[in-house]
Amino acid sequence: MKIQERTGAGGGRSSVPAQPMSGERLPAPPRERKPALAALAVLLILVGALGATMLVLRAGDRIEVVKVTKPIPAGGSVSKANTASVLVAADDGIDYIPWEQLTGLMKLKAVSAIPAGVVPVGQMFTGETGLVAGQAIVGLSLKEGQYPSTIKDGDLVAAYRVTSTGTGTGSSTGSGDASSSGAGTSLIVDKAKVTKVVKADDSDVISSTNLPVTLTVDSTKAADLAQAAAAGQVALVLIPSS
């Protein structure tokens with residue numbers, strides 16, 4: 001009986017939970033704040049901005065300098081044909097040669113052989129001719145057939161006087177012998193070093209069909225060689241370098 005009474009006491013209440021009314025929105029849960037994640041995002045942004053700034057600054061420190069693209073022998077010079085410009089990081093401790101100084105650099109001589117691919121520094125060139133006592137430099141202007149097609153800076157050559165009036169041979173030891181040969185072929189210089197050859201693809205070349213060649217020779221042979229060159233009677237022959 002008591003059980004029935006208790007049941008009856010709660011009879012006015014429903015045992016089923018109250019359901020929201022149709023169309024009523026549930027309250028949104030409060031947003032969870034994550035300050036550490038926000039700080040990390042800000043830090044990443046700052047690091048990115050700093051990196052971009054450093055790249056810009058480093059790019060601004062790069063300078064345009066001279067690079068050697070073809071081998072240059074000792075005593076040789078640079079030209080537009082054997083050089084190119086490259087960008088390098090500026091460094092006060094290295095005497096790079098600025099690209100805008102290339103014209104002035106062409107007037108200097110290499111102290112020693114410079115291989116292709118090198119970014120030269122100022123100490124590699126000198127304004128001195130590099131001639132030692134007893135040597136002389138002679139410039140030639142040779143027609144095709146008066147020089148080997150493969151002639152280049154640094155080669156060793158022999159110079160002959162060649163005339164069209166004969167084929168006789170002889171070896172000269174001085175101006176007297178060379179001039180007295182008169183006709184044919186006679187040796188003027190048995191060994192000379194090619195200091196400079198200006199090829200047709202060199203932008204320095206003035207419009208000409210002749211090949212400018214500069215030789216370093218024994219000073220006692222210079223006069224004979226120059227005389228024969230003026231008459232267009234010089235022919236060069238390559239000889240072994242050793």
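The exercises below work through a predicted model of one protein chain, each with a solution in steps.

**Exercise 1. Describe the overall make-up of the protein chain: how many helices and strands are there, and what share of the residues is buried?**

Solution. Begin with the secondary structure, which comes to five helices and ten strands. Next, turn to burial, where buried residues make up 26% of the 242 residues in the chain. The surface can then be added to the picture: the chain exposes about 16100 Å², and carbon and sulfur atoms supply 58% of that area. Finally, consider the contacts between residues with a separation of 6 or more, of which 68% are accounted for by residues 24 or more positions apart.

**Exercise 2. Find which residues touch the most other members of the largest nonpolar core, and which elements supply this core.**

Solution. The largest nonpolar core has 21 residues, and those touching the most other members are Val 213, Leu 215, Leu 225 and Leu 236. As for the elements, at least two residues each come from strands E5 (135-142), E6 (156-162), E8 (185-197), E9 (211-218) and E10 (234-238), and also from helix H5 (219-230). Among these, E8 gives the most, with five residues. A second, separate core of ten residues should also be noted, including Val 68, Ile 97, Ile 114 and Phe 125. As general background, nonpolar side chains in soluble globular proteins tend to be buried together.

**Exercise 3. Place Leu 215 in the structure, decide why it counts as buried or exposed, and list its contacts beyond four places in sequence.**

Solution. First locate the residue: Leu 215 lies in strand E9. The relative accessibility of Leu 215 is 0%, and therefore Leu 215 counts as buried, the cut-off for burial being under 20%. Leaving aside neighbours within four places in sequence, Leu 215 is in contact with Ala 136, Ile 137, Val 138, Leu 140, Val 157, Ala 192, Lys 193, Val 194, Thr 195, Leu 225 and Leu 236. A last step compares chain and space, since the C-alpha atoms of Leu 215 and Asp 153 are separated by 9.4 Å, with the two positions 62 residues apart along the chain.

**Exercise 4. Check the length of helix H5 against the expected span, and state which of its residues are buried.**

Solution. Helix H5 has twelve residues, so at 1.5 Å a residue it should span 16 Å, where the expected span uses one less than the number of residues. The end C-alpha atoms of H5 are 17 Å apart, which agrees with this expectation. Within H5, the buried residues are Lys 221, Ala 222, Asp 224, Leu 225 and Ala 228. Just after the helix, Gly 232 takes a positive phi of about 70°.

Notes. Residues numbered from 1 in each chain as written. Predicted model: local features only at pLDDT ≥ 70, side-chain atom pairs only at ≥ 80, totals over all residues. Heavy atoms only, no water. Core = buried A, V, L, I, M, F, W, Y, C linked by side-chain atoms within 4.5 Å. Buried < 20%, exposed > 50% of the residue type's maximum accessible area, 1.4 Å probe, protein only. Contact = heavy atoms within 4.5 Å. Areas by Shrake-Rupley, 256 points an atom, 1.4 Å probe, with all protein chains shown as cover.
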